[in-house]
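Biologist: Could you walk me through this one? I'd like to take it a piece at a time.

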Amino acid sequence: MKNHTIKLIIVLIMVCVAQPLFAISTAVKAQNDYFLTLSLLRQISIMVENFGDENSKNKYQEIQALFQTASEDYYGQNFDNAHQKYYKVKIELMALTDTLATLYINRAQEILDSTSKQSFDILIKYDKNSTLKKYFTKPYNPVEDIKPYNPEEYHLFFDRETIERYLKNGYRKLQEAKNIYNNQDIVYLKTKSTKKHDELELIIKQYLAAIDFCRLAKQYGIEIHKMIKINQLDAIQLKYGLESNKLDPIFDDRIPEEFKVDANDNINLVHTIEKSRLEKKTIK
């Protein structure tokens, strides 16, 4: 019994000594909060700039003001206050990223759906074994015969498989985004009345992951638009006096006008700035 008591005392002493080694100080927590929320604000900024309505833009400014107040305490080494204020920043960031994730999912759906019918028409019409393919190898008399096909669409016989792959990958990425957004663990955490710092961070990161998948999905849809209209490329380059490797999305008229903002956002360009570039180029 005596030996058992001695062992218990030794264990308790070891626990007491070891505890400070594993506990994270408020200073470290505040420091982690600072770098994380700063990174998130930078990352979200372009999303709000490109797609945010007035309410979202106002909300972003409010979050930035909260971040500033918390960071002033952090700079002043008022770590307890800073840690508590960064919690409020995370609460607001969670709500904003939720809104953005929903928006990106809807945009990705719209872009892919805009290509779907035409893509499936191409898959059926331009198969290598289709009736139309035979006309490309059949002798043609330009005086007497009526050409049964558009020569500018001949490339679709070769690009059909790529278009099919883009469409498949696009919808797959979109579904992955939806799966992340609707993940039951995230849905459960959202319902909790009180959330921990790490739970808020997890929700935010999951929403941003969903947005990343949406950007991939949107890009596949945009590439389909570009591929279908590949024959317009020379005319576009001539129109703007640009080489193909310098054809930024804003100048690429193969991309539908309503989706150019998505193409710019995908490569972290601000759409309003890109539009001003287009206007200057057009004036010249």
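**Around one arginine**

Modeller: Since this is a predicted model, everything here is computed, and a good place to begin is Arg 107, which, apart from residues up to four places away in sequence, touches Phe 51, Lys 218, Glu 258, Phe 259, Val 261 and Asp 262.

Biologist: Where is the place of Arg 107, then?

Modeller: Arg 107 sits in helix H4, and its side chain makes a polar contact of 2.3 Å with the side chain of Asp 262.

Biologist: Does Arg 107 count as buried or exposed?

Modeller: Arg 107 counts as buried, because its relative accessibility is 18% and the cut-off for buried is under 20%.

Biologist: Okay, new topic: how many salt bridges does the count come to?

Modeller: The count comes to 19 salt bridges, and one of them joins the side chains of Lys 190 and Asp 98, at 3.1 Å from N to O. This pair links distant parts of the chain, with Lys 190 in helix H7 and Asp 98 in helix H4, 92 residues apart.

Biologist: And how exposed or buried are Lys 190 and Asp 98?

Modeller: Lys 190 is partly exposed, with a relative accessible area of 33%, whereas Asp 98 is buried, with 17%.

Biologist: Which residue does Asp 265 meet in a salt bridge?

Modeller: The side chain of Asp 265 meets that of Arg 215 at 3.0 Å, N to O; Asp 265 belongs to helix H10 (residues 260-266) and Arg 215 to helix H8, 50 residues apart. Both Asp 265 and Arg 215 are buried.

Biologist: Let's turn to the core. Which residues have the most contacts inside the largest nonpolar core?

Modeller: They are Ile 44, Tyr 86 and Leu 93, in a core of 44 residues, to which H4 gives the most, with 12 residues. Leaving aside neighbours within four places in sequence, Ile 44 is in contact with Tyr 60, Leu 93, Leu 96, Thr 97, Leu 100 and Leu 208.

Biologist: Last thing: how many aromatic pairs does a search of the whole structure find?

Modeller: The search finds 11 aromatic pairs, among them Tyr 34 and Tyr 75, an edge-to-face pair at 5.7 Å centre to centre with 65° between the planes. Tyr 34 lies in helix H2 (residues 26-51) and Tyr 75 in helix H3 (residues 54-75), 41 residues apart.

Biologist: Which cluster do ring pairs make with Tyr 34?

Modeller: Ring pairs link Tyr 34 into a cluster with Phe 35, Phe 67, Tyr 74, Tyr 75, Phe 79 and Tyr 86.

Note on methods: Residues are numbered from 1 along each chain as its sequence is written. This is a predicted model: local features need pLDDT of at least 70, side-chain atom pairs count only at pLDDT 80 or more; totals for chains, interfaces and linings use all residues. Side-chain values use heavy atoms; hydrogens and water are left out. Rings of Phe, Tyr and Trp (its six-membered ring) pair if their centres lie within 6.5 Å; planes under 30 degrees apart count as stacked, over 60 as edge-to-face and the rest as tilted. Helices (H or I, at least four residues) and strands (E, at least two) are DSSP runs, numbered from the N terminus. A nonpolar core is a set of buried Ala, Val, Leu, Ile, Met, Phe, Trp, Tyr and Cys residues joined through side-chain atoms within 4.5 Å. Buried means under 20% relative accessible area, exposed over 50%, partly exposed in between (1.4 Å probe, protein chains only). Contact means heavy atoms within 4.5 Å. A polar contact is a pair of N or O atoms within 3.5 Å; within protein, one must be able to donate a hydrogen and the other to accept it, and residues adjacent in sequence count only if both atoms are side-chain atoms. A salt bridge is a side-chain nitrogen of Lys or Arg within 4 Å of a carboxyl oxygen of Asp or Glu.
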